[in-house]
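Biologist: Hey, got a minute to walk me through this one? I'm new to it.
Modeller: Sure, pull it up and ask away.

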Amino acid sequence: MVINMLSFVVLSSMLYIVFAERPEIVNYILPQVKLQDETAYLNCSVINLQSPGQLHWVKQTELVDFQLLSSGETVHTDDEYLPVQLREKYDVVKYRSNNREIYQLIIRSLGQYDTGNYTCLIALPNQSKKEWPQTSGSLTVLTAPIVWPFNDQYEVPKEGKNITLLCEADGNPAPNITWKRGDGSPVANSRFQQKDQVRCLNWDFSCVYLELYQVEATDRGDYICIADNNIEPPASVTYHLEVRTSLHFTAIQDTVGQAQNRRFDAKLECLVAAYPRARVIWYKDSKYTQEKEQIQDDEKYGLKQQDDQRLNPYGKLYTLTIRNVQGNDYGYYYCTGRNKYEEDQVQFLLFETMECQGQDCPSWS
């Protein structure tokens with residue numbers, strides 16, 4: 001009788017080994033929607049698992065079929081992360097509920113790249129991967145927008161030219177992109193046009209162009225691209241636009257007469273319109289050399305500048321006052337200037353007259 005019982009126990013053990021129940025996944029992985037920087041918890045419920053090492057969590061990616069995240073026993077690493085960093089990102093916690101074992105995948109510090117499908121699968125020996133028990137669930141991470149500006153956020157087109165500003169933004173859901181002026185006013189002008197761009201420099205981003213046609217001096221200022229998808233905070237980037245106007249010098253009166261007298265002055269007026277501003281220097285023909293002599297602000301000469309909008313809103317009037325005109329003051333004078341793009345000048349002739357000329361002449365009566 002004892003022998004028969006022993007045989008039954010041995011036989012029962014052999015039957016258990018041969019006819020061990022197949023591991024199963026008994027619940028779906030519920031889809032989750034999380035905010036950026038939160039933590040996600042994905043549960044995989046199994047029964048009849050022989051070893052925790054059989055269970056794996058994987059993520060489907062665009063580059064490969066599966067990216068192995070972890071097993072039930074350990075967190076696997078790859079070349080992109082240090083082991084400690086990966087353990088801080090992913091972890092698996094095992095606990096029991098009734099007759100089920102639950103292997104919970106924890107994903108910390110969520111970012112947009114964590115959005116995707118996550119699969120729990122059980123590796124079975126001597127069977128193809130297609131036959132392994134598995135189930136998948138989706139994780140959606142809502143992320144605030146990020147704006148990627150051009151390298152150059154400072155534009156200096158010439159007046160009358162066209163210019164294009166591009167705004168690329170990323171986020172989940174895809175952000176809405178709008179443009180406005182730096183003072184908060186909308187970009188509403190027949191010469192401005194906002195265009196959605198189907199193909200971005202980065203395929204995954206949203207792109208919106210701002211086309212500015214025949215820019216004018218009044219278009220100078222900041223242009224702000226704002227990306228908003230109702231996930232705080234919205235993102236923005238600012239482009240500064242400086243419209244370059246041609247350098248142009250004009251003489252208010254290019255020939256000026258004045259009599260010789262220690263009390264009589266002569267004024268030469270030079271109107272300059274340019275952006276960027278020009279550095280203006282006055283010169284006089286030298287009586288001793290062929291070189292021009294630079295004029296300094298001193299007791300003999302007075303230099304003055306003031307805003308003057310006769311040519312454009314950024315014009316300036318430069319005045320040279322020649323005090324107490326004497327015989328050696330007659331001749332040619334030059335108002336010259338340059339900026340980083342070009343240079344220009346205008347010539348004046350101061351000549352002798354018999355009588356005092358101008359509003360500053362004394363009354364002989």
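Biologist: Let's start with E211. Is it buried or exposed, and which side chain of opposite charge is nearest?
Modeller: Keep in mind that this is a predicted model. In it, E211 is buried, and the nearest side chain of opposite charge is K195, 4.4 Å away. E211 has no salt bridge, because that would take a side-chain nitrogen of Lys or Arg within 4 Å of a carboxyl oxygen.

Biologist: OK, so what joins the side chain of E211 to T164?
Modeller: A polar contact of 2.7 Å.

Biologist: And what else does E211 touch?
Modeller: Leaving out residues up to four places away in sequence, E211 touches I163, T164, R191, F192, Q193 and K195.

Biologist: Which strand is E211 in?
Modeller: E211 sits in β14, which covers residues 206-212.

Biologist: Switching topic: how do the side chains along β12 point?
Modeller: They alternate along β12, residues 176-181. I177, W179 and R181 point to one face and are buried. N176, T178 and K180 point to the other face and are not buried.

Biologist: Why would they alternate like that?
Modeller: That's what a regular strand does: side chains alternate between the two faces of the sheet.

Biologist: Which strand do the 6 bridges join β12 to?
Modeller: To β15, residues 221-228, and the two run antiparallel. As one example, T178 stands opposite I226 in β15.

Biologist: Now the sheets. What's the order of the open sheet with β1 in it?
Modeller: The order is β1-β3-β7-β6, so 4 strands with antiparallel pairing. β1 (24-25) and β6 (90-97) stand at the edges with a single partner strand each, so one side of each has no neighbour in the sheet.

Biologist: How many bridges join β3 to β7?
Modeller: 7 bridges, between residues 40-47 of β3 and residues 100-107 of β7. Y41, for instance, has I106 in β7 as its bridge partner.

Biologist: And the open sheet with β17, what's the order there?
Modeller: That one goes β17-β19-β23-β22, with antiparallel pairing among its 4 strands. Its edge strands are β17 (245-251) and β22 (301-307), and each pairs on one side only. From one strand to the next, the twist averages 15°.

Biologist: How many bridges do β19 and β23 pair over?
Modeller: They pair over 7 bridges, in the antiparallel sense, with β19 at residues 266-275 and β23 at residues 316-322.

Biologist: Which residue in β23 is the bridge partner of A266?
Modeller: That's I322.

Technical notes: Residues numbered from 1 in each chain as written. Predicted model: local features only at pLDDT ≥ 70, side-chain atom pairs only at ≥ 80, totals over all residues. Heavy atoms only, no water. Pairing = 2+ DSSP bridges. Axes fitted to C-alpha atoms, helices over the stretch in contact; angles between N-to-C directions. Buried < 20%, exposed > 50% of the residue type's maximum accessible area, 1.4 Å probe, protein only. Lys, Arg positive; Asp, Glu negative; His and termini not counted. Polar contact = N/O pair within 3.5 Å; in protein donor to acceptor, adjacent residues only side chain to side chain. Contact = heavy atoms within 4.5 Å.
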